[in-house]
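User: Please take a close look at one part of this model, and work outwards from there to its surroundings. Keep it brisk.

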Amino acid sequence: MSPMQALFPNIDWPEIGQACIDTLLMLGGSLLFTIVLGLPLGVWLFLTAKGQLHARPKLYAVLSLVVNVLRSIPFIILMILLIPVTQAITGVSIGIRGAIVPLVIGAAPFFARLVETALREVDRGVIEASQAMGATTAQIVTRVLLPEARAGLVASTTVTAVALVGYTAMGGIVGAGGLGALAYQYGYNGYKPDYMLVTVALLVVLVQVLQSLGDRLVSRYSRR
Amino acid sequence: MIRFAAASKSYRVDGALVPALQPVDLTIEAGEVFGIIGHSGAGKSTLLRLINLLERPTAGKVFIDGRDVTAAQGAELRKLRSGIGMIFQHFNLLSSRTVADNVAFPLRLQGGADDAAIVARVDELLDLVGLTAHARKYPAQLSGGQKQRVGIARALASHPSILLCDEATSALDPQTTASVLELLADINRRLGLTIVLITHEMDVIRRVCDRVAVLDGGNVVELGPVADVFLHPQHPTTRRFVAEADHREGRGAEFPGVPGRLFRLSFRGEATYSPLLSRVVRDTGVEYNLLSGRVDRIKDVPYGQLTLAMHGERLDDALVQIRDAGVDIEEVAR
């Protein structure tokens, strides 16, 4: 018996490998769509807030409420509530594709709020200077706000990606696959502590890698 | 030429209208350096921002070169703004772009120009402000004075006819302030563009401005050529600003025990350097004590201001001689 088998008697390593791939696919897919939806939503929140470029207090209040509602529903409940929506969009309600819809709807409002906060960190004077130079709102967003907030946006993306790792693990419970599913099925229900240990360790490694990658990018983009 | 016609501004605070600027009628001539001085909250920042419509007047109108711009919107507004440069107290540079890219920024916003033309223009501007060696640096790597020079280069990029300066030297140390003001005066002379600057320091006004408006509580309380306002301030607010800049004493109560009456003499131009006092003393036999004084320049014009205590039998003759030489005399109450 090899030392690996002695330490981890129950583990089917190819299955762990597949679970890693599934988790990364869910994470990558959901992060991509979270950014695609959350970034414009965050910009919209920022622009319509009181005292900003396109202040629309009532619209802002509505957007803000929707974001808050979506953020307050526990992810596990959101996942179940969204099953019909998921089926309508992807044709399936479980599996990797099925998990991406609730993951995005759970994470995009969270990310949007982080984007809004990051944009508020941009010096108002710089925005005023751009207006004084005759910039359009679109130019201010794409050439001033987003580049100036780059470090903050990368940090927000990192936080969101880490949160998504947690969400994907929960997705495992309802059959989305991935490391979370293994931890739950074999580690918790099947009482195989070595499964629990390995899957959790891999999740920890994933989070560490994401965080240090994010931190490195943030410090590279910080020009203050 | 910039003209305010009864332009005023109020802000809505908790439902109530709070006036920031009372109706202002004011004309700023093309090519002059016009200073607006006031304490914080006096409305000077609002007045400056009416020119490029970062603030819109609540009532009244703003004309630029005879054209009513008050209602400009959309593309018209952006075109107007691209013809007006602006620099700021805190420089407001893009921290994520290099010096060269900051200067190129307004040109890229407008589009149209090809990259070679932009690069050439940026080189020319960096040369003008003396920052050629720093083109590849980021703003965070520069000193305050250098940042303001980048701000000036950026403001001049699209050949504006007007440059607005919003407390442009207030965050700088005195030496850097002097060099930035020199640069502004030089730009005004060489490019002939109109400069409107706001400040709370009379010294800034004295060094570069041709005319000045004093703002207090949203009203223009004094307006005129800098030498007139500086040497003969009328309004109490103006007097305070001048006194701060001048470290002026010369109040009667501060000189107890000095015999005679107190006079403040203001010389301007060539009179500043003529040996007037010694001649008057020789001719009339009056005696004087010099209590305080200063000889300096207002923009390019030399001036002097002396506070004297004078006594003697022929004092009145002495005063007439001094006045005849073109020197202003005010008696200071003691």
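Analyst: Two strands count as paired when DSSP finds at least two bridges between them. That cut-off matters at once. The model is predicted, and the part chosen here is chain B, starting with one of its sheets.

Strand 4 (residues 59–64) and strand 5 of chain B are antiparallel and share two bridges. One partnership can be named: Ile64(B) has Arg67(B) in strand 5 as its bridge partner. The pair belongs to an open sheet of four strands in chain B, with the order 2-1-4-5 and antiparallel pairing. Where are its edges? They are strand 2 (16–28) and strand 5 (67–68) of chain B. Each of these has a single partner strand, so one side of each is left without a neighbour in the sheet.

A helix packs on this sheet. Helix 1 (residues 44–51) of chain B touches strand 1 (2–13), strand 2 and strand 4 of chain B. The direction of helix 1 makes about 120 degrees with that of strand 1 of chain B.

Next comes strand 3 (residues 33–38) of chain B. Six of its six residues are buried, so strand 3 is largely enclosed by the rest of the structure. How are the two faces covered? On one side, Val33(B), Gly35(B) and Ile37(B) are buried; on the other, Phe34(B), Ile36(B) and Gly38(B) are buried as well. In a regular strand, side chains alternate between the two faces of the sheet.

Strand 3 of chain B also has parallel partners. Five bridges link it to strand 8 (residues 194–199) of chain B, running parallel. Ile37(B) has Thr199(B) in strand 8 as its bridge partner. Strand 9 (residues 211–216) of chain B also pairs with strand 3 in the parallel sense, over five bridges. There the partner of Ile36(B) is Ala213(B).

Val196(B) shows what surrounds this region. Leaving aside neighbours within four places in sequence, Val196(B) contacts Phe34(B) and Ile36(B), along with Ile28(B), Leu48(B), Ile51(B), Ile162(B) and Leu164(B). Val196(B) is also one of the residues with the most contacts inside the largest nonpolar core, which has 134 residues. The others in that group are Ile51(B), Val103(B), Ala153(B), Leu164(B) and Ile195(B). Which element gives the most to this core? Helix 6 (residues 95–120) of chain A does, with 16 residues. Another core lies apart from it, with 14 residues, including Phe263(B), Val286(B), Met310(B) and Ile322(B).

The domain assignment splits chain B into domain 1 (2–244) and domain 2 (261–331). Their centres, taken over C-alpha atoms, are 38 Å apart. Nine residues of domain 1 of chain B contact eight residues of domain 2 of chain B. On the domain 1 side, helix 7 (202–208) and helix 8 (226–231) of chain B each supply at least two residues. Helix 8 has the largest share of that side, four residues. By character, the domain 1 side divides into six nonpolar, no polar and three charged residues.

Further along chain B there is another open sheet. Its four strands follow the order 12-13-11-14, with antiparallel pairing. Strand 12 (287–298) and strand 14 (328–332) of chain B are the edge strands, each pairing on one side only. From one strand to the next, the twist averages 20 degrees. Inside the sheet, strand 11 (residues 261–268) and strand 13 (residues 301–311) of chain B run antiparallel and are joined by eight bridges. Arg261(B) stands opposite Met310(B) of strand 13. Met310(B) also belongs to the core of 14 residues.

Last, the partner chain. How many residues of chain B are in contact with chain A? There are 19, and they meet 18 residues of chain A. Helix 2 (74–82), strand 6 (84–88) and helix 3 (99–110) of chain B each supply at least two residues of the chain B side. That side divides into nine nonpolar, seven polar and three charged residues.

Chain A itself has 11 helices and zero strands. Its C-alpha atoms fill a box of roughly 75 × 40 × 25 Å along the principal axes. Of its 224 residues, 41% count as buried. Among contacts in chain A with a separation of 6 or more, 70% come from residues 24 or more positions apart.

Methods. Residues numbered from 1 in each chain as written. Chains lettered and ligands numbered in written order. Predicted model: local features only at pLDDT ≥ 70, side-chain atom pairs only at ≥ 80, totals over all residues. Core = buried A, V, L, I, M, F, W, Y, C linked by C-beta atoms within 7 Å. Buried ≥ 20, exposed ≤ 12 C-beta atoms within 10 Å, placed from the backbone. Contact = placed C-beta atoms within 7 Å. Nonpolar A, V, L, I, M, F, W, Y, C, P; charged D, E, K, R; others polar. Axes fitted to C-alpha atoms, helices over the stretch in contact; angles between N-to-C directions. Domains from an automatic or database assignment.
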